[in-house]
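Got your viewer open? Let's walk through this one together, one selection at a time.

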Amino acid sequence: MYDIIFSDYDGTLYGKTREISPKTRKSIEKYVANGGKFVISTGRIYSSIKPIAVSLGLNGDIITSQGSQIYNIDADIPIHTDFINKQKTVEILEIAKREGYLAQCYANNTIYADKNKDFNNFFADFFSVNISTTETLIEDIFTEKIVPNKFELLVDKDKIDGFIKDISKSYPEFLFSKSAPVMIEVVDKLATKGRACRYLLDKYNIKPENALAIGDGNNDIDMLEAVGGKVAVNNAAKRLLKTADYITKDTNGDGVSEIIELILSGKF
């Protein structure tokens with residue numbers, strides 16, 4: 001049996017209802033009861049994902065903010081954080097501002113954002129978080145009033161791919177991930193989900209071949225590459241599907257349950 005499972009959240013642990021099904025909840029409970037560690041690995045901020053982890057009966061650690069921060073649920077504190085370069089972050093945000101793109105920054109378990117009622121209300125509702133709006137986001141980062149470990153940009157759908165291509169060349173020390181048709185998540189290039197997985201494998205003294213990861217997006221590729229068991233859910237991005245050793249057959253949001261049941265029955 002795999003000793004630990006790293007699972008993406010959005011698009012992986014639930015289906016169209018945005019709710020983790022009773023079937024998946026029961027499978028996770030069985031896996032943990034059999035001695036396995038189940039770790040959520042998400043782009044979400046800790047305050048957004050903690051209630052979900054608690055509802056699943058999980059303890060231990062959560063990988064958050066695209067891998068740039070790891071929190072311990074029991075102590076309710078970050079145990080590892082990769083901050084981003086202040087000066088270059090300011091430069092990128094100034095470029096985005098000139099293009100008319102909105103920004104959000106993650107710092108101190110808080111999301112700080114440019115003022116935009118419609119976008120912020122949507123984001124706060126979807127991720128169940130509070131948004132702290134400011135008219136001086138760039139200045140606050142420059143003066144270190146805000147010290148972020150991640151930021152996001154809302155970019156026009158028809159311009160996002162070109163923007164990522166150009167900005168990546170200019171700022172190779174950052175990792176730019178398209179997490180939605182109009183959303184770019186940005187962290188330090190080394191602050192990935194894969195690196196966070198390796199950090200926890202060292203902490204728990206678990207060999208990579210005894211670990212499994214499951215996800216749906218391109219930002220989950222390095223997470224799968226960090227472990228022995230590489231699984232993609234049925235609705236995953238094409239690049240991730242090529243990385244995976246197994247693609248779940250379920251199409252209703254219970255891919256995690258499917259793989260856990262295979263593990264517990266000794267079939268995977």
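Which elements do the buried residues of α10 pack against? Before you click, keep in mind that this is a predicted model. Now select helix α10, residues 255-264. Its buried residues pack against β1 (4-7), α1 (22-33), β2, β12 (211-215), β13 (229-232) and β14 (246-247). Seven of the ten residues of α10 are buried, so the helix is largely enclosed by the rest of the structure. To colour the buried ones, pick G255, V256, S257, E258, I259, I260 and I263. Just after α10, look for G266, where phi is positive, near 75 degrees.

**Next stop: a serine in α1**

Stay in this area and select S27, which sits in helix α1. Buried or exposed? S27 counts as buried because its relative accessible area is 2%, and buried means under 20%. Show its contacts: leaving out residues up to four places away in sequence, S27 touches S257, I260 and E261. Then draw a distance from the C-alpha of S27 to that of V256; the two are 229 residues apart along the chain, and the separation is 8.1 Å.

**Into the nonpolar core**

Which residues touch the most other members of the largest nonpolar core? Select F6, F38 and I40: these are the ones, in a core of 49 residues. Zoom in on F38 and show what surrounds it. Setting aside neighbours within four places in sequence, F38 is in contact with I5, S7, L13, I28, Y31, V32, L58, V256 and I260. You have already met V256 and I260 among the buried residues of α10. A second core lies apart from this one; it has 26 residues, including Y112, V155, I160 and I167.

**A serine after β2**

Now go to S41, in the loop between β2 (37-40) and α2 (46-55). S41 is buried, at 0% relative accessible area. Not counting neighbours within four places in sequence, the contacts of S41 are S7, D8, Y9, I63, K193 and M223. Keep D8 and K193 highlighted, as they come up again at the next stop: salt bridges that share partners join D8, K193 and D220 into one network.

**Charged pairs**

Time to turn on the charged side chains. Side chains of opposite charge can pair when their charged atoms come close. How many salt bridges does the count come to? The total is 14, and three are worth a click.

- Select D61 and K203: their closest N and O atoms are 2.8 Å apart. D61 is in strand β3 (residues 61-64) and K203 in helix α7 (residues 193-204), so this pair links distant parts of the chain, 142 residues apart. D61 is buried, with a relative accessible area of 2%, whereas K203 is partly exposed at 44%.
- Select E135 and K115, whose side chains meet in a salt bridge at 3.8 Å, N to O. E135 is in the loop between β8 (131-134) and α5 (137-142), and K115 in the loop between β7 (110-114) and α4; they are 20 residues apart. Both partners count as exposed, E135 at 67% relative accessibility and K115 at 52%.
- Select D161 and K178, which meet at 3.1 Å, N to O. D161 lies in helix α6 (residues 160-170) and K178 in strand β10, so the pair ties together parts 17 residues apart in sequence. K178 is partly exposed, with a relative accessible area of 43%.

**Last stop: the largest pocket**

Keep K178 selected and turn on the surface. Rolling a probe the size of a water molecule over the atoms shows where empty space is left. The largest pocket has a volume of about 1,100 Å³. Of the 45 residues lining it, K178, S179, A180, E185 and N219 are the closest to its centre.

Which element gives the most to the lining of the largest pocket? That is β10, with seven residues. To see the contributors that each supply at least two residues, colour α4 (117-127), β9 (150-154), β10 (174-180), β11 (183-188) and α8 (221-225). Finally, colour the lining by class: 18 residues are nonpolar, twelve are polar and 15 are charged.

Technical notes: Residues are numbered from 1 along each chain as its sequence is written. This is a predicted model: local features need pLDDT of at least 70, side-chain atom pairs count only at pLDDT 80 or more; totals for chains, interfaces and linings use all residues. Side-chain values use heavy atoms; hydrogens and water are left out. On a 1 Å grid over the protein atoms alone, a cavity is a set of points where a 1.4 Å probe fits but cannot get out, and a pocket is an open set with protein on both sides within 12 Å along at least five of seven lines; lining residues have an atom within 4 Å of a point. Grid points are joined across faces, edges and corners, and a volume is the space filled by probe spheres set on the points. Helices (H or I, at least four residues) and strands (E, at least two) are DSSP runs, numbered from the N terminus. Ala, Val, Leu, Ile, Met, Phe, Trp, Tyr, Cys and Pro count as nonpolar, Asp, Glu, Lys and Arg as charged, and the others, Gly among them, as polar. A salt bridge is a side-chain nitrogen of Lys or Arg within 4 Å of a carboxyl oxygen of Asp or Glu. Buried means under 20% relative accessible area, exposed over 50%, partly exposed in between (1.4 Å probe, protein chains only). A nonpolar core is a set of buried Ala, Val, Leu, Ile, Met, Phe, Trp, Tyr and Cys residues joined through side-chain atoms within 4.5 Å. Contact means heavy atoms within 4.5 Å.
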